[in-house]
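Please open the structure in the viewer and display it as a cartoon with side chains available on selection. The tour below proceeds from one selection to the next.

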Amino acid sequence: MYIIAGLGNPEKKYDGTRHNAGFEAADRLSERLGIRLSDRKFNAVCGTGQIGGEKVLLLKPLTYMNRSGESLRAAADYYKVDPSHIIILYDDINFPCGRLRVRPQGSAGGHNGIKSIISCLGSDG
């Protein structure tokens with residue numbers, strides 16, 4: 001099983017901003033894959049589905065960005081998902097709009113949401 005988490009902030013004032021790019025990416029995945037984001041658990045909006053025969057939990061934490069790790073930790077513990085099976089979608093202000101970077105591990109680079117996730121999961125991978 002994999003967890004795919006889109007990061008953002010729950011307040012309306014962040015809708016349509018770069019800060020909520022992770023939420024928007026999760027919404028697009030939800031539409032494309034037919035995964036309904038209708039469950040409320042782990043302090044998140046989430047839904048389960050399949051990608052390539054693999055079970056996936058699509059997750060949008062309802063905590064503020066700097067506490068995203070709490071939601072991910074709860075989901076990972078419940079489903080017994082290793083950090084190497086967690087994919088995080090988020091905006092990085094250090095890159096221009098439209099640039100995508102995929103990396104298997106690394107530091108938070110000053111991003112508070114990623115700092116929280118690394119701290120709560122005990123892994124940067």
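Begin with Glu-31 and Arg-32, which are exposed on the other side of helix H1 from its buried residues. Note that the model is a predicted one.

Next, select the whole of H1, residues 21-33. Its end C-alpha atoms lie 18 Å apart, in agreement with the 18 Å expected for 13 residues at 1.5 Å a residue. Within the helix, colour Gly-22, Phe-23, Ala-26 and Ser-30, which are its buried residues. Viewed down the axis of H1, the buried residues fall within an arc of 100°, so they line one face of the helix. Add strands E1, E4 and E5 (86-89) to the display; they are among the elements that cover this buried set. Just after H1, Gly-34 adopts a positive phi of about 70°.

Now select the largest nonpolar core, a group of 17 residues. Those with the most contacts inside it include Phe-42, Leu-59 and Leu-72. At least two residues of this core come from each of E1, E3, E4, H2 and H3. A second, separate core has five residues, among them Ile-4, Ala-26, Ile-35 and Leu-58.

From the largest core, select Leu-72 and show its neighbours: its contacts include Ile-3, Leu-59, Ile-86 and Ile-117.

Finally, move to Ser-71 in helix H2 (residues 68-79). Is Ser-71 buried or exposed? Its relative accessibility is 1%, so Ser-71 counts as buried. Among the residues it touches are Asn-43, Ala-44 and Pro-61. A polar atom of the Ser-71 side chain lies 2.7 Å from the backbone oxygen of Phe-42.

Definitions and conventions: Residues are numbered from 1 along each chain as its sequence is written. This is a predicted model: local features need pLDDT of at least 70, side-chain atom pairs count only at pLDDT 80 or more; totals for chains, interfaces and linings use all residues. Side-chain values use heavy atoms; hydrogens and water are left out. Helices (H or I, at least four residues) and strands (E, at least two) are DSSP runs, numbered from the N terminus. Buried means under 20% relative accessible area, exposed over 50%, partly exposed in between (1.4 Å probe, protein chains only). Contact means heavy atoms within 4.5 Å. A polar contact is a pair of N or O atoms within 3.5 Å; within protein, one must be able to donate a hydrogen and the other to accept it, and residues adjacent in sequence count only if both atoms are side-chain atoms. A nonpolar core is a set of buried Ala, Val, Leu, Ile, Met, Phe, Trp, Tyr and Cys residues joined through side-chain atoms within 4.5 Å. The expected span of a helix is 1.5 Å times one less than its number of residues. The arc is that of the directions from the helix axis to the C-beta atoms. Lists of a residue's contacts leave out its neighbours within four places in sequence.
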